[in-house]
Amino acid sequence: MRRVTLTQFLIEQQRAGRITADLRLLIEVVARAVKAISVNVSKGALAGVLGEAGTDNVQGEAQKKLDVIANEILLQANEWGGHLAAMASEEVETVHQIPFDYPKGGFLLLFDPLDGSSNIDVNVSVGTIFSVLRMPPGGAPATEESFMQPGREQAAAGYAIYGPSTQLVLTVGNGVHGFTLDREMGSFIYTHPFMTIPEETREYAINASNARFWEPPVQRYVEELQRGADGPRGVDFNMRWVASMVSDVHRVMTRGGIFMYPMDEKCRARGGKLRLMYEANPMAMLVEQAGGAASTGRERILDVLPTELHQRVPVILGSKAEVERVVEYHRAH
Ligand SMILES: O=P(O)(O)OC[C@H]1O[C@](O)(COP(=O)(O)O)[C@@H](O)[C@@H]1O
Ligand SMILES: [Mg+2]
Ligand SMILES: [Mg+2]
């Protein structure tokens, strides 16, 4: 069987006119950084990378050593490529400028370097999420304002999952494509063409310990799922919660389901739990490209106009019919 590498896949996308050479190189560099993060994650305690870094990030969250390592790998890998105007990261307070002596380019890269940090020390899958925007013309040098674009403007989005195998899942606006890292060869191999989210699902993912803080539409929806065959849905549902967004979304991407981190009384003051620009937006683009839907409960995630880099939003995404039902419950409330 002919093995197609990520490089070949991207060259074909470029030939088909879907991406520019610059965007191809940008994605290649992100993929190279992901390989380096994968090596660090997989060494675990052998490399002394587990545990706390002893610092807090801009959002007041304790940083794990791997949060810091993954962030450094992504920043350093992408600084010198010449395709970026600036970067933004969960772990960096403001815009990360490209050093003055490096060439600049027309894209903005945003990332959650290590998603699901609470799972690192217990050896459960974590991931990296990234989003690519275009630098507004004439706006150089990049400021926070340059990043304030709705998610529908993303040129590309993807995530890497560091699980039993490392996978890269990518969209450039022409479906969702998955690649598996061949560790011996050091290449990503095209293993999952045109990933699609099944419309029907019997699986949901939500942190149920927040149930008493949820808004009534979410309480209603989850209660109906829990009543299963005896309730209005007439079928039993199953629940899964890894607590790594990447892993939970990857499951939805692979076999369907609905993932929710909705608005609740605990996170209301912050606007939600998950970050719009480097968690919700890239995942929403991927989910829509895979035939699913992604909403805050009140509006399409990709239409939210950001006002700050580390803005948070409620997230409800996955199988279309289920997301539409939750949105309908919000509307009806
Ligand atoms: O601890 P909780 O409430 O279950 O939250 C889990 C959620 O928080 C996150 O871990 C936040 O991401 P980070 O680890 O990048 O901060 C998501 O991946 C996950 O869906
Ligand atoms: Mg995260
Ligand atoms: Mg993170």
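Q: Where does ligand 1 sit?
A: Ligand 1 is in the largest pocket. A pocket here is an open set of points on a 1 Å grid over the protein atoms alone, where a 1.4 Å probe fits, with protein on both sides within 12 Å along at least five of seven lines; a molecule sits in it if more than half of its atoms lie within 2 Å of its grid points.

Q: Before I go on, what am I looking at?
A: This is a predicted model, in which local features need pLDDT of at least 70 and side-chain atom pairs count only at pLDDT 80 or more, while totals for chains, interfaces and linings use all residues. Residues are numbered from 1 along each chain as its sequence is written, chains are lettered from A and ligands numbered from 1 in the order in which they are written, and side-chain values use heavy atoms, with hydrogens and water left out.

Q: Which residues come nearest to ligand 1?
A: Asp115, Gly116, Met245, Tyr261 and Arg275, out of 17 around the ligand (a heavy atom within 4 Å).

Q: How does that shell divide by residue type?
A: Into 7 nonpolar, 4 polar and 6 charged residues; Gly counts as polar and Tyr as nonpolar.

Q: What polar contacts are there to Glu90, Ser117 and Tyr261?
A: With N or O pairs counted within 3.5 Å, an oxygen of ligand 1 is 2.5 Å from a side-chain N or O atom of Tyr261. An oxygen is also 3.0 Å from a side-chain N or O atom of Glu90, and one is 3.0 Å from a polar backbone atom of Ser117.

Q: And how much of the ligand is covered?
A: The protein covers 85% of the 470 Å² that ligand 1 exposes on its own (Shrake-Rupley, 1.4 Å probe).

Q: Which strand gives the most to the shell?
A: Strand 5, with 3 residues. Strands are DSSP E runs of at least two residues.

Q: New topic: what about the backbone at Phe194?
A: Phe194 has a positive phi of about 40° without being a glycine.

Notes: Polar contact = N/O pair within 3.5 Å; in protein donor to acceptor, adjacent residues only side chain to side chain. 1 Å grid on protein atoms, 1.4 Å probe; cavity = no way out; pocket = protein on both sides within 12 Å on 5 of 7 lines; lining within 4 Å. Helix = DSSP H or I, 4+ residues; strand = E, 2+ residues; numbered from the N terminus.
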